[in-house]
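Please open the structure in a viewer and keep the sequence panel visible. The tour below proceeds by selection, stop by stop.

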Amino acid sequence: MCVTQTKRTGTIWTALAHIITAVIGSGVLSLAWSISRLGWIAGPLTMLAFASVTLTSAFLLSNCYKSSDPNNGVYRNGSYLDAVQRILGKKSAWFCGIIVRINFIKLGIVYTITSAISMRAIQRSNCFHNKGHKDACKYGNTYYMIAFGTIQVVVSQIPDFRNTEWLSVIAAIMSFTYATIGSALGLAKVIENGEIKGTIGGVPTSTVVDKIWSISQALGDIAFAFPFSLIFLEIMDTLRPNPPEKVVMKKASVVAVFVTTFFYLCCGGFGYAAFGNSTPGNLLTGFGFYEPYWLIDFANACVVLHLVGGYQVFSQPLFAGIEKSIAKKFPNSAFVHGNLKQLPALRLNLMRLSLRTAYVAFTTGFAILFPYFNQVVGVAGAINFWPVVVYFPVEMYLAQKGIAPWTSKSVIFRVYSFVTLLVILFAFVGSIKGLITARFS
């Protein structure tokens with residue numbers, strides 16, 4: 001018998017909203033730059049490859065939502081970490097817990113950086129419009145990062161993941177809007193130029209080594225743009241039991257990956273076709289486009305609004321895990337369990353307020369220290385793509401289905417896991433090198 005703690009009311013539409021909010025994020029803005037490093041053949045093919053890996057991960061995880069227990073019946077694994085612990089055991093869960101927390105934190109950092117860059121771009125866009133395109137219009141990011149952090153301190157007091165459905169719907173609409181505007185601006189630029197820029201080999205470099213490093217960083221950026229594996233089971237746990245959650249999530253995943261891949265190819269492809277070797281690192285803030293300035297302002301405002309929601313989609317599971325652990329250790333603490341009477345609707349207590357504010361302060365501070373968009377995105381994409389999207393889903397699937405070692409299916413999955421590991425290690429090393437170079441240059 002399944003253990004039900006909260007009424008689940010989610011549908012395929014809310015699942016789609018959550019997935020799209022998670023997937024179409026700040027990574028889409030760097031895809032034109034990534035294609036420029038890989039070229040017209042390798043760039044789109046790499047995107048399709050990562051989309052396939054992401055969809056494979058979703059299908060594997062859909063089989064891990066429910067676990068059988070001889071003593072207690074069937075459990076619903078309401079989070080990624082719960083599934084790893086029940087299916088693979090405590091040792092795997094300990095390692096996975098570290099990876100999961102790193103992933104949530106790095107996304108908070110990247111979203112803080114991206115939102116600040118977009119807010120600054122609005123100010124720069126207006127400056128260029130008023131003073132001319134040759135004006136320096138230089139502004140810092142720090143104040144914008146602090147502003148975004150302040151917003152997140154407030155929004156982070158939303159009690160739990162189920163209460164973020166409305167925020168995900170708004171964020172999903174925003175992500176579609178700015179991805180569409182970025183694609184349209186790129187297409188308009190191509191028509192204005194009268195030619196499709198770019199080459200099969202991508203941006204040339206002075207040495208082969210430099211080309212290898214740029215390719216590895218581009219792989220990291222693309223890896224960051226796709227996965228939603230970490231919140232897959234949280235989303236699944238919000239769905240109504242009928243129709244079966246597994247069926248709904250598979251449909252939602254196929255539609256979401258298809259839609260996002262289409263937008264990614266349009267946004268990245270049109271951006272590269274418009275600017276060729278001069279493609280900016282961030283399509284909406286690199287100022288390949290100056291006019292219409294109001295449309296660029298609107299697109300960047302949509303980015304910020306989307307990232308407010310995206311930050312919460314990835315932070316709420318982290319908050320839930322930490323707060324659950326603290327609550328178990330201190331069952332009689334008024335600081336942990338006592339709600340503030342002044343705000344009963346938010347179920348707010350001092351522990352939640354303190355913990356979540358400290359977390360937002362940490363991600364904001366780290367973003368201020370390393371405000372390098374493409375380099376941070378590359379590292380963020382590579383740092384735990386393999387364990388989260390490939391290794392754990394594969395191992396859980398094999399264990400859940402009882403597939404014996406050295407059978408054909410087991411060997412195929414293990415080879416798939418090993419190949420993706422090599423690709424991600426290559427991306428990780430190159431992205432770390434790019435981040436270090438940017439920090440000390």
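Select C127 and C137 and display their side chains: in this predicted model, the torsion about their S-S bond is about -75°, so the disulfide is left-handed. The two sulfur atoms are 1.9 Å apart. A disulfide is a covalent bond between the sulfur atoms of two cysteines. The structure holds 1 such bond.

Now colour the backbone around the pair. C127 belongs to helix α4, whereas C137 sits in the loop between α4 and α5 (142-155), so the bond ties together parts that are 10 residues apart in sequence. Are these cysteines buried or exposed? C127 has a relative accessible area of 5% and is buried, because buried means under 20%. C137 is buried as well, at 3%.

**Two cysteines without a bond**

Next, select C266 and C267. C266 takes part in no disulfide. How far is the sulfur of C267 from the closest cysteine sulfur? The distance is 8.4 Å, to C266, which is too far for a bond, because a disulfide requires sulfur atoms within 2.5 Å. Both residues can then be viewed with the surface switched on. C266 counts as buried at 17% relative accessibility, and C267 is buried at 1%.

**A buried arginine**

Move to strand β2, which covers residues 73-76, and select R76 in it. The relative accessibility of R76 is 11%, so this residue counts as buried. Which side chains does the side chain of R76 contact? One polar contact, of 2.8 Å, links the side chains of R76 and Y65. Another polar contact, of 2.9 Å, runs from the side chain of R76 to the side chain of D237. Displaying R76, Y65 and D237 together shows both contacts in one view.

**The second largest pocket**

For the last stop, select K106, I109, F366, V376 and V379. Of the 13 residues that line the second largest pocket, these are the closest to its centre. The space in this pocket is about 260 Å³.

Which helices should be coloured to see the lining? At least two lining residues come from each of α4 (90-131), α12 (350-369) and α13 (373-383). The largest share, 5 residues, is supplied by α4, the helix that also holds C127.

Finally, colour the lining by residue class. The lining has 12 nonpolar residues, 1 charged residue and no polar residues.

Technical notes:
Residues are numbered from 1 along each chain as its sequence is written. This is a predicted model: local features need pLDDT of at least 70, side-chain atom pairs count only at pLDDT 80 or more; totals for chains, interfaces and linings use all residues. Side-chain values use heavy atoms; hydrogens and water are left out. On a 1 Å grid over the protein atoms alone, a cavity is a set of points where a 1.4 Å probe fits but cannot get out, and a pocket is an open set with protein on both sides within 12 Å along at least five of seven lines; lining residues have an atom within 4 Å of a point. Grid points are joined across faces, edges and corners, and a volume is the space filled by probe spheres set on the points. Helices (H or I, at least four residues) and strands (E, at least two) are DSSP runs, numbered from the N terminus. Ala, Val, Leu, Ile, Met, Phe, Trp, Tyr, Cys and Pro count as nonpolar, Asp, Glu, Lys and Arg as charged, and the others, Gly among them, as polar. Buried means under 20% relative accessible area, exposed over 50%, partly exposed in between (1.4 Å probe, protein chains only). A polar contact is a pair of N or O atoms within 3.5 Å; within protein, one must be able to donate a hydrogen and the other to accept it, and residues adjacent in sequence count only if both atoms are side-chain atoms.
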